[in-house]
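Me: I am new to this structure and should be grateful for a close look at a single part of it. Please choose the buried interior and explain how its pieces fit together.

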Amino acid sequence: MNKSHHISKEVLIKDLERAGIPKGALLHVKASLKAIGQIDGGAATLLHALLETVGPQGTIVVDAFVTCYPLPLNTKHAQVISTEISPSYAGALANAMIQHPHSVRSKHPIQRFCAIGKLAHDLMDKHTPESGAYDVFSRLVELDAINISIGRKAIGVGTTHLAVEKMGFIKKPSNMGLNYRTASGEVKTFVVNWNGGCSRGFSNFLPLYESAGCLKWVKIGNADAAITSMKGTLEVELKKLIEDASFYFCDDPTCKDCRLNWEHSTGSYFKVKFHSLITIIKRKLNILSS
Ligand SMILES: [Zn+2]
């Protein structure tokens with residue numbers, strides 16, 4: 001690729017400003033670097049562009065959650081201790097944030113958010129093993145935060161998991177956990193105590209956000225990006241879920257999470273198994289014919 005096609009920090013700042021991100025913003029970010037294009041300097045450049053856009057009075061927050069394992073932990077997994085510098089599975093931007101000298105990490109052992117800026121300590125220090133997994137999202141809503149999801153495949157407005165938890169739906173326990181060190185230095189296993197699950201159906205809400213006027217589409221580099229009001233998206237989600245409790249389910253007939261795991265899932269075990277088998281056979285036939 002020609003050097004002129006590379007995307008610089010200055011171009012990203014211009015795009016973010018044109019998108020309407022004001023100085024001093026409290027910004028929750030989800031980003032697919034691939035969707036943006038070839039960024040000079042990669043994730044670190046995107047992070048610097050975000051920080052310069054919101055300025056010293058602003059705050060950037062990302063999900064920087066840590067992998068957990070089936071319980072009881074096997075010998076290998078029992079050796080993994082979650083710390084404030086544990087890498088995240090959430091992608092390059094999250095890991096660039098973790099490595100930034102001014103970042104603050106949530107104290108929750110698994111749902112470790114990461115933040116930089118004016119409100120970073122306020123948001124992260126209060127998120128402890130005793131907090132709800134998604135309490136940071138509640139705070140972001142209270143503080144009228146903006147979400148930016150960069151890349152169509154990275155759309156995550158931040159409030160949907162919170163809305164599902166707030167509805168109090170019942171789900172089979174996941175039986176997952178991770179070791180961490182308590183404030184007194186003792187190693188303890190933290191057991192997942194929230195529902196979480198499949199997020200492939202979360203895009204079902206997009207047209208509703210648009211008609212409620214809390215989402216606007218912009219361009220960041222080559223990527224389509226959604227800018228949303230977190231207060232607005234939570235309101236839309238709760239209203240819809242009261243009307244239709246299954247609205248956040250994906251439409252994949254092989255998705256165990258949506259078809260079987262919730263108390264209000266309506267799939268049958270045999271149907272899920274049948275569709276999974278068909279998918280495996282199709283995949284094998286494709287491999288044979290290619
Ligand atoms: Zn699903």
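Reply: The following account concerns the nonpolar core and the elements around it.

The model is a predicted one. The protein is divided into domain 1, residues 3-250, and domain 2, residues 252-290. Taken over C-alpha atoms, the centres of domain 1 and domain 2 are 29 Å apart. Their contact involves 12 residues of domain 1 and 8 residues of domain 2. On the side of domain 1 that touches domain 2, 6 residues are nonpolar, 3 are polar and 3 are charged.

The largest nonpolar core has 73 residues, and those that touch the most other members are Leu27, Leu50, Ile60, Val62 and Leu93. Helix α3, residues 42-54, contributes the largest share of this core, with 6 residues.

Helix α3 therefore deserves attention in its own right: at 1.5 Å a residue, its 13 residues should span 18 Å, and the end C-alpha atoms are 19 Å apart, which agrees. Its buried residues are Thr45, Leu46, Leu47, Ala49, Leu50, Leu51, Thr53 and Val54. They pack against α1 (9-18), β1, α2 (33-36), β2, α5 (92-99) and β6. After α3 comes glycine 55, which has a positive phi near 75 degrees.

Two strands that pack against the buried residues of α3 are β2 and β6, and each can be followed through one isoleucine. Isoleucine 60 lies in strand β2, residues 59-63. Isoleucine 60 counts as buried because 25 other C-beta atoms lie within 10 Å, where the cut-off is 20 or more. Apart from neighbours within four places in sequence, isoleucine 60 contacts Leu27, Val29, Leu50, Leu51, Val54, Ala115, Ile116 and Gly117. The chain also brings isoleucine 60 and histidine 28 to a C-alpha separation of 6.0 Å, although they are 32 residues apart in sequence.

Isoleucine 116, one of those contacts of isoleucine 60, belongs to strand β6, residues 113-117. Isoleucine 116 is buried as well, because 22 other C-beta atoms are within 10 Å. Residues up to four places away in sequence being left out, isoleucine 116 touches Leu51, Ile60, Met97, His100, His102 and Ser103. Between isoleucine 116 and proline 101, 15 residues apart along the chain, the C-alpha atoms are separated by 9.3 Å.

Leucine 27 is another contact of isoleucine 60. With residues up to four places away in sequence not counted, leucine 27 touches Ile21, Leu50, Val54, Gly58, Thr59, Ile60, Ala145, Ile146 and Ile148.

Strand β1, residues 26-31, is also among the elements that cover the buried residues of helix α10, together with α7 (135-142), β7 (146-150), α8 (160-167), α9 (206-212) and β11 (223-229). Helix α10 comprises the 14 residues 230-243, which at 1.5 Å a residue should span 20 Å; the end C-alpha atoms are 20 Å apart, in agreement. Buried in α10 are Met230, Thr233, Leu234, Val236 and Glu237. These cover an arc of only 165 degrees around the axis, so they are on the same side of α10. In general, an α-helix has 3.6 residues a turn, so residues three or four places apart point the same way. The face of α10 turned away from the buried side carries Lys239, Ile242 and Glu243, which are exposed.

Definitions and conventions: Residues are numbered from 1 along each chain as its sequence is written. This is a predicted model: local features need pLDDT of at least 70, side-chain atom pairs count only at pLDDT 80 or more; totals for chains, interfaces and linings use all residues. Helices (H or I, at least four residues) and strands (E, at least two) are DSSP runs, numbered from the N terminus. The expected span of a helix is 1.5 Å times one less than its number of residues. A residue is buried if 20 or more other C-beta atoms lie within 10 Å of its own, exposed if 12 or fewer, and partly exposed in between; C-beta atoms are placed from the backbone. The arc is that of the directions from the helix axis to the C-beta atoms. Two residues are in contact if their C-beta atoms, placed from the backbone, lie within 7 Å. Domain bounds come from an automatic or database domain assignment. Ala, Val, Leu, Ile, Met, Phe, Trp, Tyr, Cys and Pro count as nonpolar, Asp, Glu, Lys and Arg as charged, and the others, Gly among them, as polar. A nonpolar core is a set of buried Ala, Val, Leu, Ile, Met, Phe, Trp, Tyr and Cys residues joined through C-beta atoms within 7 Å.
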